[in-house]
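Let's take a friendly walk through this structure together. Keep the sequence at hand and turn the model as you read.

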Amino acid sequence: MKTTSYRGGRGERGAERRRRLVLLLLCGLSVLRGYASASSVLAQEPQQPPRFQSSVEVTSLDVAVVDDRGTPIADLKPADFVVRIDGNQRKVVSAEWISLVTPESASPATPPPDGFSSNASSTGGRLIVLAIDQPNIRFGGALAISKAAGAFVDRLSPADRVAVAGIGMGAPATTFTADRERVKQAITRMTGQKQTQMFTEHNISLTEALAIDHGDRQTLGDVVTRECQNLAPGPGALDVCIAQVQMEAQEHAQNVTRESNMTLQALRDLFVGLRTIDAPKTLVLISEGFVLYDQATIAELGSLAANSRTSVYVLKLDNGLFDVANTRMPLNSIGDRMAQSEGLEMLAGAARGTMFTVTGTGANLFERIESELSGYYLIGVESDPRDRDGKAHPIRVDVPRRGALVRSRRQMLNEPAELRAGGAARSPRQAMASALASPLLASALPLRVASYGLQGPERDKVQVLIHADVGSDYAGSKVVSIGYVITDRTGKMVDSKVTDARLFPVMNGVPSPLQYTAGASLAPGDYTLKLAIAEGDRVGTVEHPLHAALSDGAGVTMSELMVGGPLDGGELLQPTIGYEVTFGIVHGYIEAYGSRAESMTMEYEIAADADSPALLNADVPPRPAGDTRVIFTKAIPVRQLPPGKYVLRAILSEDGRSIKTLTRPFEVAQPKVLMTSADGLGAIGNASMDAELFLPVDETALAPAFQRDSFVSQDTVAPFRERVPETARASFDQGIALLAGGDFTKAGASFKKAIDPDTDSTAPLVYLAASFAASGHDTEAASAWQTALIDGAEFPQIYQWLGDALMRGRDLGQARTILEEAMGKWPSDTRFAKPLAMLYGTFGRGREAVRTLERYLTVRHDDRDALSLAVQWIYTLHSSGALVHGRAEDLKLAHAYAAEYEHARGPQIPLVKQWVEYLENEGKR
């Protein structure tokens, strides 16, 4: 399947740059570039995978099986699978369908307490990563698909978690989250970073540049012969031209190689990070493609994907055949596009996925992916000792059922990828450093982080106290490796730390998280903390917003209120941090600064929530800690409170008048019990499918003529003209007149004047495309109509014209996808049904062709050609041993179409009757 989309980000400054953006959008050509570093993606930890209950040792494989529309087939048994490993068939012991769609009645994930950030995930749902390959998408190239991606995100169930991994320098990203708006905002911020050769002396295709860069003298000679044939006379002119050709080719090849390497490295890091989540994950990679030199790299990525249980769906954005930035037609557009598609196709095949080419809005592709993600099979096959030798073993999974498509991995590998690469396990310090640098967050080691602002020794800065709960059930101390990075809003690092430290639980012998506390001195403002901790072979990372600020009230400045549960009460002159109060005491701590601080009084109240009456209260005397610093600290027994959630209120007063109230939630936990001890990957499997059923199609039907008169008719123009701003209407009207008069070049120029990047330019884009099509430039017309769909997707005419242009250009696959999307949006609009039926017949989807043509004929009873074709197609399928609905139903339809054809005085009535006679006698043979 195919479809095209464009999405944009920040506009370039200056009118000239905005005009260039619009022209690039018209032809689907935008410029991007970047480095392979995706910002954090929070690793989620869903439910434990099902375990096999069998008397034999089994090797588990995850396999998706769908029909030709992407709908999962969920009723398969072990006997329905044929599995070959290393070419030898294995017995399938079990096959369990795992649904990844969480019922709407399921409880939502519990968020971390107020003020805390956590890397703990909710259970259930699906984990989906949307990766935007900015180094290999030109500016604006994914503008339209971002809308479809947003709709895809909105349709996911509440239990699903989505992450955005922007590949490229400074690319936005999100953690795995249920916050749909945050995800969509990150997607729309992707601007693209690929750079293209805007101005070159010579016209050298990508494939030629790559060959020349690899030392192909024959290709160099061919390019020199072509590009240097019209040189001005003069000594050394040929040598100069040859040098220029070599330099331009090498620069082009090196740029493409660098961008490809960035993406490959980013994907490698992404898969390594995803491996920490022991659950199936789906990566949807959006890219224009990259050039692949080393096929072994793709094999490696397939292995990493298999190890991380990640399936990859690739949405390849169609970058068009003509780049207006180069002002030349490409010499080998097909070869260049194939070179850029190769890496994506191999990656998808190696990672239990598939590749779709996007040539419209991409909505139907996201719908298909959504359907395919609703579940998978966990199958168990009898093990062989060689399965665990650390080597890659080729796998092939087949389901010999008609219409079944199998998504399985190309190979099986039971040893971690990092062990294969490095030869030994990483130390905790190395694991921590890797996690800190990784574009995603890990949850193998649970972390929960909170931060609090206090006044430090530097009066122009805020001392931020950072507290982390590490793990959950440690009864004794552990040595851990710790690292963190603090960045400001621009992404600039302002503080960092790497260390090894021994951390302690709240109390030895009592299972609880290890406690980590650190501090940072920051200028007032908002920051992001990324913390990574490794303990043994477990690593956790978390991101947490830091607010370096103090609160003001009635002439005093105050720190944030801090709450914790210490072992015992007493005079605590340092804060205790922790959400859970385990030992029957809650400790509140707050500081006040200023000359009037000592005259203030403080009262602590404990209530069920912020607005409820106080359950317990205590006066808190001020404790001077310097000339202008006062501490209000109090340990309050709460043993009489039942386990549950509460709020500590700190009420600051002066002269009996309340001037400031701060609150902090906490939870009284169930009592702990003392312990007596401190221990407390694979190619897409070739599925059995229906045989391809090609149908006879008139070639003229696949190249519909451009009807200029219909484009300039008043009824056609009117709804588009209404969308044109008053400031551009004169240019638009002039373009219509020129188009009607046959001056297509001047018409195109007028429509370009009517285009304003800052307004809705659907109408001038549509008629600019018509100018291209009228002059026989269907490739440029298709690109412009594709761009018009960004804001004009509600016009069915655009889909029709775009489909016609693609068919005239023999881009039948893309035409089919555009028409499929249109049929989905306007199921009762039959203008798309007939050409789509022709395309289905051409692509060997005979049954679907007949059914689609039936939809058309329910309205158009007068189309003699379609009536004749319907009878012929039914006959053709039956003569091939296939049925559309059933023998009786097909015969009934054929009779009806033949009668209508005869009533319409069709020219081939006898032939139609012959087809019907064959169908009548079919059952008698």
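The S-S bond between Cys 228 and Cys 241 has a torsion of about -85°, so this disulfide is left-handed. Please bear in mind that you are looking at a predicted model. The two sulfur atoms lie 1.8 Å from each other, and with sulfur pairs counted as disulfides when they are within 2.5 Å, the count comes to one disulfide. As you will know from the bench, a disulfide is a covalent bond between the sulfur atoms of two cysteines.

Where do Cys 228 and Cys 241 sit along the chain? Cys 228 belongs to the loop between helix 5 (217-227) and helix 6, while Cys 241 is in helix 6 itself, and the two cysteines are 13 residues apart. Are these cysteines buried or exposed? Cys 228 has a relative accessible area of 7%, so it counts as buried, because the cut-off for buried is under 20%. Cys 241 is buried too, at 3% relative accessibility.

Stay with helix 6 for a moment, and look for Asn 255, which has its place in this helix, residues 237-274. Asn 255 has a relative accessible area of 21%, so it is partly exposed; the reason is that buried requires a value under 20% and exposed a value over 50%. If you look for Lys 194, you will find its C-alpha atom 9.3 Å from that of Asn 255, although 61 residues separate them along the chain.

Now step back to the whole chain. It has 925 residues, and 55% of them are buried. The accessible surface comes to about 39500 Å², with carbon and sulfur atoms contributing 50% of it. In terms of secondary structure, the chain contains 24 helices and 32 strands.

Let's turn to the strands, beginning with a sheet whose pairing is parallel. This open sheet is built from five strands in the order 7-6-8-9-10. Which strands stand at its edges? They are strand 7 (161-167) and strand 10 (354-358); each has a single partner strand, so one side of each is left without a neighbour in the sheet. From one strand to the next, the twist averages 20°. To see one of the pairings up close, follow strand 9 (residues 310-317), which runs parallel to strand 10 and is joined to it by five bridges. Within this pairing, Leu 315 has Phe 356 of strand 10 as its bridge partner.

Another open sheet has four strands, ordered 4-11-1-13, and here the pairing is antiparallel. Strand 4 (92-99) and strand 13 (405-407) are the edge strands, each pairing on one side only. The twist in this sheet averages 30° from one strand to the next. Strand 1 (residues 58-66) pairs with strand 13 over three bridges, in the antiparallel sense. You can locate this pairing by Ala 64, whose bridge partner in strand 13 is Arg 407.

Strand 2 is a good place to follow one strand to two partners. Strand 2 (residues 82-85) pairs antiparallel with strand 12 (residues 393-398) over four bridges, and Ile 85 has Ile 395 in strand 12 as its bridge partner. Strand 2 also runs antiparallel to strand 3 (residues 88-90), with three bridges joining them; there, Arg 84 stands opposite Gln 89 of strand 3. How many residues lie between the strands in the hairpin of strand 2 and strand 3? There are two, and Asp 86 takes a positive phi near 55° in this hairpin.

You can set this hairpin beside the one made by strand 20 and strand 21, which also has two residues between the strands. Here Gly 536 takes a positive phi near 65°. Strand 20 (residues 525-535) and strand 21 (residues 538-548) pair in the antiparallel sense over 11 bridges, and Ala 534 stands opposite Val 539 of strand 21.

To finish, let's look at a pair of helices. Two packed helices are described by the angle between their axes and the distance between the axes. For helix 18 (residues 796-808) and helix 19 (residues 812-825), the angle is about 165° and the axes are 8 Å apart. Helix 18 and helix 19 are therefore roughly antiparallel, because angles over 145 degrees count as such. Helix 18 passes helix 19 in a left-handed crossing.

Terms used
Residues numbered from 1 in each chain as written. Predicted model: local features only at pLDDT ≥ 70, side-chain atom pairs only at ≥ 80, totals over all residues. Heavy atoms only, no water. Buried < 20%, exposed > 50% of the residue type's maximum accessible area, 1.4 Å probe, protein only. Areas by Shrake-Rupley, 256 points an atom, 1.4 Å probe, with all protein chains shown as cover. Pairing = 2+ DSSP bridges. Axes fitted to C-alpha atoms, helices over the stretch in contact; angles between N-to-C directions. Parallel < 35°, antiparallel > 145°, perpendicular 65-115°, else oblique. Left-handed = near helix turned anticlockwise from the far one by under 90°.
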